[in-house]
Amino acid sequence: MKNSNCACKGNTLPKLVKPAIMKAISMRPMYGYEILKELTDNKIFGSGSADLGGIYRALKNLEKEGKLSSELKKSETGPARRIYKLTPKGHTCLSSWEFTLWNYLDQIENTLKFLKS
């Protein structure tokens, strides 16, 4: 199959980075590199890692959507860092994502069983 945009290639999976980012930030406010480390440590990207630019684009979009807030904090070891926090709207969205993903998991398991039969 030549079309690399086909969903069968997993091209929609990067969209799952948003709920992963929100989950990481729900544990405690974090800055971008901490978020990347948390997601990498939890194997959100399989055995690889996301690019930090992609994380920052997702953070900017989540903030624009009102799901995150941020503020610059002075750093003792370098430039100021932008610290992100989950907003009440973000908490609601994260809960919705969790419910949706558990339902997807059930559907995926059933589809895999069907494909294997």
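Asp41 pairs with Lys37 in a salt bridge whose closest N and O atoms sit 2.8 Å apart. Both residues belong to helix α2, which covers residues 32–41, and they are four residues apart, about one turn of the helix. Neither end of this pair is hidden away: Asp41 has 48% relative accessibility and counts as partly exposed, and Lys37 is partly exposed too, at 45%. Keep in mind that this is a predicted model.

## The other charged pairs

Searching the whole structure turns up four salt bridges. Side chains of opposite charge can pair when their charged atoms come close. Here are three of the pairs, with the distance between the closest N and O atoms.

| Pair | Closest N–O distance |
|---|---|
| Asp41 and Lys37 | 2.8 Å |
| Lys67 and Glu65 | 3.0 Å |
| Arg28 and Glu34 | 3.3 Å |

How accessible are the partners in the Arg28 and Glu34 pair? Arg28 is partly exposed, with a relative accessible area of 40%, and Glu34 is partly exposed as well, at 23%.

The Lys67 pair has a twist. Lys67 is buried, because its relative accessible area is 16% and the cut-off for buried is under 20%. Its partner Glu65, at 28% relative accessibility, counts as partly exposed. These two don't stand alone, either: Lys18, Glu65 and Lys67 are linked in a network of salt bridges.

## How the chain is laid out

Stepping back to the overall fold, the chain has four helices and three strands. Read from the N terminus, the elements go α-β-α-α-β-β-α.

The three strands make an open sheet in the order β1-β3-β2, with antiparallel pairing. β1 and β2 stand at the edges with a single partner strand each, so one side of each has no neighbour in the sheet.

How many bridges join β1 to β3? Strand β1, residues 30–31, is joined to β3 by two bridges, and the two strands run antiparallel. Met30 has Tyr84 as its bridge partner in β3, while Tyr31 is matched with Ile83. On the other edge, strand β2 (residues 68–73) is tied to β3 by six bridges, again antiparallel. One example is Leu72, whose bridge partner in β3 is Arg82. In a regular strand, side chains alternate between the two faces of the sheet.

## Two loops around β3

Now for the loops on either side of β3. Ser75 is found in the loop between β2 and β3. Its side chain makes two polar contacts with backbone nitrogens there: the one of Thr77 is reached at 3.2 Å, and the one of Gly78 at 3.4 Å. Setting aside neighbours within four places in sequence, Ser75 also touches Ala80 and Arg81.

At the other end of β3 (81–86), Thr87 lies in the loop that leads to α4. Is Thr87 buried or exposed? Thr87 is buried, with a relative accessible area of 14%. A polar atom of the Thr87 side chain lies 2.6 Å from the backbone oxygen of Gly66. Apart from neighbours within four places in sequence, Thr87 is in contact with Gly66, Lys67, Leu68 and Ser69. That list includes Lys67, the residue that forms a salt bridge with Glu65.

## A nonpolar patch on the surface

Which residues form the nonpolar patch on the surface? They are Tyr104, Ile108, Leu112, Phe114 and Leu115, with about 590 Å² of accessible area together. Phe114 sits in helix α4, which spans residues 88–116. With 63% relative accessibility, Phe114 counts as exposed, because the cut-off for exposed is over 50%.

## Whole-chain numbers

A few totals round this off. The chain has 117 residues, and 23% of them count as buried. Its accessible surface comes to about 8600 Å², with 56% belonging to carbon and sulfur atoms. As for contacts with a separation of 6 or more, 45% are between residues 24 or more positions apart.

How values were computed: Residues numbered from 1 in each chain as written. Predicted model: local features only at pLDDT ≥ 70, side-chain atom pairs only at ≥ 80, totals over all residues. Heavy atoms only, no water. Patch = residues over 30% accessible without salt bridge, like charges linked within 9 Å, V, L, I, M, F, W, Y side chains within 5 Å. Areas by Shrake-Rupley, 256 points an atom, 1.4 Å probe, with all protein chains shown as cover. Salt bridge = Lys/Arg side-chain N within 4 Å of Asp/Glu carboxyl O. Buried < 20%, exposed > 50% of the residue type's maximum accessible area, 1.4 Å probe, protein only. Polar contact = N/O pair within 3.5 Å; in protein donor to acceptor, adjacent residues only side chain to side chain. Contact = heavy atoms within 4.5 Å. Pairing = 2+ DSSP bridges.
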